[in-house]
Amino acid sequence: MRTPRILILGVAATALIGAVSTGTAPSSRSAPQQIPAATTTTTTLLTHPGKILAGNCFQCHGTDGINGTFEGIAGESATELYNELKELQTTTEADEAIMKVHANGYTDEQLRLIADYFSKVPTSVRK
Ligand code: HEC
């Protein structure tokens with residue numbers, strides 16, 4: 001009589017597992033499918049040492065350099081951004097006066113971090 005008991009237990013356990021997975025399948029399956037891409041990117045950007053420095057830029061260029069009052073700077077190459085910021089430090093153009101002040105507020109190392117941060121914001125979310 002042992003075999004049937006084990007069989008019954010096995011069937012019952014399988015049914016229980018099946019019921020539990022069926023019951024939770026829709027929400028637990030759809031959530032991880034949507035989250036990974038965003039989470040991977042966000043986690044990288046959240047821990048990036050340039051993020052706190054770049055926060056000042058968000059005020060005009062938008063959060064993460066997207067959708068701001070002024071032009072988007074997300075996804076530009078880090079070298080280009082850095083070089084632009086260095087040029088802006090000594091600009092004599094009147095319409096670049098705002099950026100001249102901002103670019104002069106950081107050390108070269110900080111500008112590199114800021115440029116690197118914005119370069120890593122995915123261009124797919126840039127608007
Ligand atoms: C008070 C608003 C303001 C803030 C804050 C600000 N910017 Fe700007 N930024 C502007 C304006 C306006 C322009 C366009 C005129 C110009 O080129 O100076 C500009 C232009 C730029 C440009 C050149 C244009 C381009 O698309 O490449 C870069 C690069 C830039 N900003 C980066 C930054 C970074 C990095 C920070 C943070 C350290 C920052 N900005 C903070 C207003 C701002």
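**A walk through an all-helix chain and its ligand shell**

Follow the protein chain along its sequence and you read the pattern α-α-α-α-α. The tally for this predicted model is 5 helices and 0 strands. Of the 127 residues in the protein chain, 15% count as buried. As for how the chain meets itself, take the contacts with a separation of 6 or more: 65% of them come from residues 24 or more positions apart.

Now to the ligand. The shell around it holds 17 residues, and the closest are Cys-57, Cys-60, Glu-84, Glu-96 and Met-99. Which helices supply at least two residues each to that shell? They are α2 (51-61), α3 (78-88) and α4 (97-103). The biggest giver is α2, with 5 residues. In terms of chemistry, the residues around the ligand split into 9 nonpolar, 4 polar and 4 charged.

Let's stay with α3 for a moment, since it also makes a nice case of a helix with two sides. Its buried residues are Leu-81, Tyr-82 and Leu-85. These three sit on the same side of α3, because the arc they cover around the axis is only 100 degrees. The background here is helix geometry: an α-helix has 3.6 residues a turn, so residues three or four places apart point the same way. Turn to the other side of α3 and you find Thr-79 and Glu-80, both exposed. And what do the buried residues of α3 pack against? Their partners are α4 and α5 (108-119).

Finally, have a look at the loop between α2 and α3, which is where Asp-64 is found. Asn-67 lies in that loop too. Both are worth a click if you like backbone torsions. As a rule, most residues other than glycine have a negative phi. Asp-64 is not a glycine, yet its phi is positive, at about 65 degrees. Asn-67 isn't a glycine either, and its phi is also positive, at about 60 degrees.

Are these two loop residues buried or exposed? Asp-64 has 26 other C-beta atoms within 10 Å, and the cut-off for buried is 20 or more, so Asp-64 is buried. Asn-67 has 13 C-beta neighbours inside 10 Å; exposed would need 12 or fewer, so Asn-67 counts as partly exposed.

Note on methods:
Residues are numbered from 1 along each chain as its sequence is written. This is a predicted model: local features need pLDDT of at least 70, side-chain atom pairs count only at pLDDT 80 or more; totals for chains, interfaces and linings use all residues. A residue is near a molecule or strand if its C-beta atom, placed from the backbone, lies within 6 Å of it. Helices (H or I, at least four residues) and strands (E, at least two) are DSSP runs, numbered from the N terminus. Ala, Val, Leu, Ile, Met, Phe, Trp, Tyr, Cys and Pro count as nonpolar, Asp, Glu, Lys and Arg as charged, and the others, Gly among them, as polar. The arc is that of the directions from the helix axis to the C-beta atoms. Two residues are in contact if their C-beta atoms, placed from the backbone, lie within 7 Å.
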